[in-house]
Amino acid sequence: MSLLSIRNLSAVSDRDGGTPILRGVSLDLAPGEVIGLVGESGAGKSTISKAVLGMLPRTVRITKGSAIFSGRDLLSLSSRELRKITGSEITLIPQDPMTALNPGRRIESQLTDGLRLKRGMSSTDARRRGLELLEEVHIRDPERVMRAYPHELSGGMRQRVLIAAAFAMDPKLVVADEPTTALDVTVQKQILRLIRAMQAKHGTSVIFVTHDLGVVAQICDRVTLLYGGMVVEAGATAEIMERPRHPYMQALLAAGPRYDRPDRALAPVPESIFAGLREELASFDREEVRHG
Ligand SMILES: Nc1ncnc2c1ncn2[C@@H]1O[C@H](COP(=O)(O)OP(=O)(O)OP(=O)(O)O)[C@@H](O)[C@H]1O
């Protein structure tokens with residue numbers, strides 16, 4: 001049984017004159033599973049995660065498809081119904097821990113808001129749970145951190161706080177949106193291990209958005225590769241890493257893990273592969289026009 005089942009999801013950008021940004025995306029996520037959404041900038045990763053979180057900008061319009069989460073289509077709920085689910089059953093680990101935290105409020109209030117407001121816990125219980133959560137994410141001296149303001153913490157500490165906040169509500173699904181991009185390499189590894197440990201402990205499903213196939217190899221059970229808002233390849237990570245089928249995936253794996261940084265890539269993706277991908281997108285669009 002899927003926890004989340006996205007079917008044939010298409011979207012256009014009204015900002016760019018109706019340009020397609022998602023083209024018939026389908027994906028399934030089982031309870032307790034970690035799925036990686038990978039692709040270069042503009043591939044549609046954030047659009048998919050924003051659709052799931054009910055955070056789509058007004059200029060992005062869903063034209064087709066559904067996103068069934070625990071039996072309900074997230075795309076057809078009222079904003080009131082959606083607010084009950086997001087921030088509670090579905091939570092976010094954001095990309096930039098500095099901007100995600102309010103600089104003017106202590107960690108305690110930011111970590112316990114949801115517990116008090118959405119779970120109806122008393123301040124004392126929420127504080128106790130907050131301290132436990134900080135211990136779970138291996139923060140030393142949680143009492144001090146509860147009293148601190150975000151600027152008093154390092155980037156890695158702030159990201160640990162946000163991970164604690166995402167798991168505080170015991171969500172069924174956590175969306176991790178490039179959560180290690182803003183951190184240096186050694187901290188990145190610790191944060192990845194922590195997310196994996198927290199999801200395993202809580203039995204939570206995770207959608208992990210990333211540019212980096214190296215990250216996918218480390219933490220994702222399955223992977224969906226996107227290009228131009230279209231699913232290019234999807235399957236079990238181990239299988240795809242060993243036997244990639246699509247030439248684009250083959251080229252990305254040959255290019256090295258940081259394929260979004262051509263300066264660091266071992267071998268760039270050949271232009272002929274992009275030409276093939278553009279032809280696939282055009283052919284999808286022609287079919288859409290034909291079938292309406
Ligand atoms: N607010 C918006 N309104 C309309 N179109 C948008 C908006 N934000 C992004 N888009 C378009 O949606 C497409 C997909 O962008 P999206 O952010 O989902 O890609 P991404 O794979 O997450 O990229 P990145 O890794 O850079 O975040 C892009 O072509 C982009 O121009």
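In this predicted model, Leu92 sits across from Val175 of strand β7. That pair belongs to a parallel match between strand β6 (residues 90-93) and β7 (residues 173-177), held over four bridges. So which way do the residues of β6 point? Ile90 and Leu92 head one way, while Thr91 and Ile93 head the other way, and all of them are buried. This fits a general pattern: along a regular strand, side chains switch back and forth between the two faces of the sheet.

Elsewhere, the strands run antiparallel. Strand β1 (residues 4-13) is joined to strand β4 (residues 60-69) in that sense by eight bridges. Within this pairing, Ile6 of the one strand faces Ala67 in β4. β4 also has a partner in strand β5 (residues 72-73), again antiparallel, with two bridges between them. Here Phe69 is found opposite Arg72 in β5. Together β4 and β5 make a hairpin, with two residues separating the strands. One detail of the turn is worth a look: Ser70 has a positive phi, about 45 degrees.

Just ahead of β1, in the segment before that strand, comes Leu3. Is Leu3 buried or exposed? Leu3 counts as buried because it has 20 C-beta neighbours inside 10 Å, and 20 or more is what the label requires. Leaving aside residues up to four places away in sequence, Leu3 touches Leu29, Ala30 and Pro31, along with Phe69, Ser70, Lys172, Leu173 and Ser205. Two of these names have already come up in the hairpin: Phe69 stands opposite Arg72, and Ser70 lies in the turn. As for Thr86, which is 83 residues from Leu3 along the chain, the C-alpha atoms of the two are 14 Å apart.

Next comes the ligand. Around it there are 14 residues, and those that come nearest are Ser13, Ser41, Ser46, Thr47 and Thr59. What kinds of residue make up this shell? Eight are polar, four are nonpolar and two are charged. Helix α1 (residues 45-53) gives the largest share of the shell, namely three residues.

Finally, there is helix α12, which covers residues 271-291 and so has 21 residues by the DSSP assignment. From its first C-alpha to its last, α12 reaches 31 Å, close to the 30 Å expected at 1.5 Å a residue. How many residues of α12 are buried? The count is zero among its 21 residues, and the helix is hardly covered.

Technical notes. Residues numbered from 1 in each chain as written. Predicted model: local features only at pLDDT ≥ 70, side-chain atom pairs only at ≥ 80, totals over all residues. Expected span 1.5 Å × (residues − 1). Buried ≥ 20, exposed ≤ 12 C-beta atoms within 10 Å, placed from the backbone. Pairing = 2+ DSSP bridges. Contact = placed C-beta atoms within 7 Å. Near = placed C-beta within 6 Å. Nonpolar A, V, L, I, M, F, W, Y, C, P; charged D, E, K, R; others polar.
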